[in-house]
Amino acid sequence: MKISYRREMKHNYMIVEPKESDWCSYECRMLEVNAVEGILEFKLNQTDGQPRFYYEISSKQPLARLLENQKLREVQLRRLILSLIQVLDRMERYLLPEGSILLDPEYVYIEPETFSVWLCLIPGRKALFSEDFGKLLEYLLGKVDHQDKDGVVLAYGLFQESRRENYGMRDILRLLERGGQNNEECRLEKPDEKRILKRSEEQSETGTAAAEGVPSVREEGSQGERNYLGSRKTQNSREKLERAKSKTMFWGLWEAIRELWGKLIQLREVPGRKRQAEQEKSPVQVSWENMFGSEEYEDSKDDEDSEGILKENRQKTEIPAFDGTKEPEEGRDTVLLTDLGTEESKNLHRLCSLDGESEDIVLSYYPFIIGKQENLVDYILQKETVSRLHLKIEQIEEEYFIQDLNSTNGTSVAGRMLENNEAARLHPGDEVCIARYRYRFE
């Protein structure tokens with residue numbers, strides 16, 4: 001499967017060229033006719049007998065890119081998983097298979113403001129959804145903010161649940177419900193639980209669901225008119241026991257994680273402090289003469305030893321005067337921040353405004369992202385035509401590169417418009433156009 005990108009007017013597309021695919025299949029026709037919210041807009045194009053799938057990705061960002069420079073919080077994780085389950089629920093209405101979804105973080109697209117998900121559904125793709133979803137949860141576990149206790153517990157619980165055999169979306173939903181019922185920020189349009197129960201337990205619990213008071217899909221009529229949780233007439237005592245056990249288990253897991261984290265912090269001590277601590281703990285080495293020698297020998301040496309120790313300490317602690325004739329030794333003297341900032345600022349690259357409408361953009365570190373989405377970019381360029389994440393500038397060894405981040409109005413370098421997600425070499429003196437705002441790289 002080959003994936004490329006293309007910009008056409010004000011639209012950005014991700015193009016997938018499958019190796020083998022029934023491009024006239026039911027999935028293709030269904031995606032072309034219906035716009036399924038949460039599924040990237042689909043268009044089929046055939047060139048020389050080779051089918052190409054076009055997916056609209058304008059103004060959306062890959063999950064991997066969003067998590068490059070930020071950690072995942074509990075609220076964001078909850079929104080992400082709930083949104084994904086919501087998309088699965090809509091797919092069920094159109095009989096679209098779960099295994100056709102591409103769950104690689106590079107191709108899972110996110111709305112930066114709401115953290116809602118947009119998935120790439122490839123017609124004809126056959127994969128085991130449970131395995132792909134487990135890999136995604138493992139990736140998210142490594143990106144969660146370790147300072148967020150609730151986020152760590154939720155991410156670890158989801159990951160552990162995905163490793164169980166025959167787990168279903170009902171189990172994932174139970175974990176999401178805990179701790180999120182009173183969180184206003186986590187409330188989305190929730191998917192139909194009964195449809196999810198049918199998908200995850202259609203073979204084993206068909207009769208049990210009816211016995212517990214969960215109506216079937218046929219009895220309820222239109223699936224789009226039902227709410228996510230629906231009122232349950234009875235609550236099984238077994239469910240209550242399982243929830244109590246799970247709650248106890250997760251708090252135990254959290255205590256183990258916190259203890260392990262404390263040990264990791266201790267292992268990352270500053271080397272100097274670690275050596276000092278070892279010296280304080282190590283016993284004092286006393287020579288055999290001082291330990292077993294005669295009293296006369298000890299008395300005769302007391303004055304000499306004390307005077308010698310004082311002299312040695314004075315030599316160690318004495319600070320030589322600096323007369324300005326020689327440079328301070330490296331690592332011995334502290335450089336003032338004001339001097340360092342003044343000296344380094346002369347060597348920093350910047351984007352100098354050529355229009356007079358904007359200020360210069362100082363590139364103080366790399367990678368450096370420019371856009372108008374607060375908390376996700378390094379420089380906020382509040383212009384209507386600028387995308388939320390517009391471009392990124394990177395330094396690789398002594399060379400500089402600029403990459404368009406799937407922006408709507410594009411980025412041009414030296415008069416050439418970049419394709420979406422394309423990276424190009426950036427030379428001093430090159431003119432950079434961010435939407436319609438002109439800069440010069442210096």
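Visitor: Which side chain meets D404 in a salt bridge?
Guide: In this predicted model, D404 pairs with R7, with N and O 2.7 Å apart.

Visitor: What does that pair tie together?
Guide: D404 lies in strand 15 (residues 399-404) and R7 in strand 1 (residues 2-8), so the salt bridge links parts that are 397 residues apart in sequence.

Visitor: Is D404 buried or exposed?
Guide: D404 is buried, at a relative accessible area of 0%. R7 is buried as well, at 13%.

Visitor: What about E8, which residue does that one bridge to?
Guide: E8 forms a salt bridge with R6, and the closest N and O atoms are 4.0 Å apart. E8 is partly exposed at 31% relative accessible area, and R6 is partly exposed at 36%.

Visitor: How many salt bridges are there by this rule?
Guide: The count comes to 18.

Visitor: And R93, what does its side chain meet?
Guide: The side chain of D89, in a salt bridge with an N to O distance of 3.3 Å. R93 and D89 are both in helix 3, 4 residues apart, so about one helical turn separates them.

Visitor: How accessible are R93 and D89?
Guide: R93 counts as partly exposed, at 39% relative accessibility. D89 is buried, with a relative accessible area of 1%.

Visitor: Which residues do salt bridges with shared partners join into one network?
Guide: R73, D145 and D148 are joined that way.

Visitor: Back to helix 3. How does it cross helix 6?
Guide: The axes of helix 3 and helix 6 (residues 169-177) come within 11 Å and cross at roughly 145°. The crossing is left-handed.

Visitor: Which residues make that contact?
Guide: From helix 3, they are R78, I81, L82, I85 and L88. Helix 6 supplies M169, I172, L173, L175, L176 and E177.

Visitor: What is the make-up by class?
Guide: The contact of helix 3 with helix 6 has 9 nonpolar residues, no polar ones and 2 charged ones.

Visitor: What about helix 5, at what angle does helix 3 cross it?
Guide: Roughly 35°, and the axes of helix 3 and helix 5 (residues 149-162) come within 8 Å. On the helix 3 side the contact involves E74, L77, R78 and I81, which meet D150, G151, L154, A155 and L158 of helix 5.

Visitor: How many charged residues are in that one?
Guide: The contact of helix 3 with helix 5 has 3 charged residues, along with 5 nonpolar and 1 polar.

Visitor: New topic, the nonpolar core. Which residues have the most contacts inside the largest one?
Guide: I81, F133 and L140 do, in a core of 59 residues. The largest share of this core comes from helix 3 (residues 74-93), which gives 9 residues. I81 is also among the helix 3 residues that contact helix 6, and it takes part in the contact with helix 5.

Visitor: And L140, what does that touch?
Guide: Leaving out residues up to four places away in sequence, L140 touches L63, L67, L72, L77, L80 and I81. One of these, L77, belongs to the helix 3 side of the contact with helix 5.

Visitor: How many residues are in the second core?
Guide: The second core has 22 residues and is separate. Its members include I393, L418, A424 and F441.

Terms used: Residues numbered from 1 in each chain as written. Predicted model: local features only at pLDDT ≥ 70, side-chain atom pairs only at ≥ 80, totals over all residues. Heavy atoms only, no water. Core = buried A, V, L, I, M, F, W, Y, C linked by side-chain atoms within 4.5 Å. Buried < 20%, exposed > 50% of the residue type's maximum accessible area, 1.4 Å probe, protein only. Helix = DSSP H or I, 4+ residues; strand = E, 2+ residues; numbered from the N terminus. Contact = heavy atoms within 4.5 Å. Axes fitted to C-alpha atoms, helices over the stretch in contact; angles between N-to-C directions. Left-handed = near helix turned anticlockwise from the far one by under 90°. Nonpolar A, V, L, I, M, F, W, Y, C, P; charged D, E, K, R; others polar.
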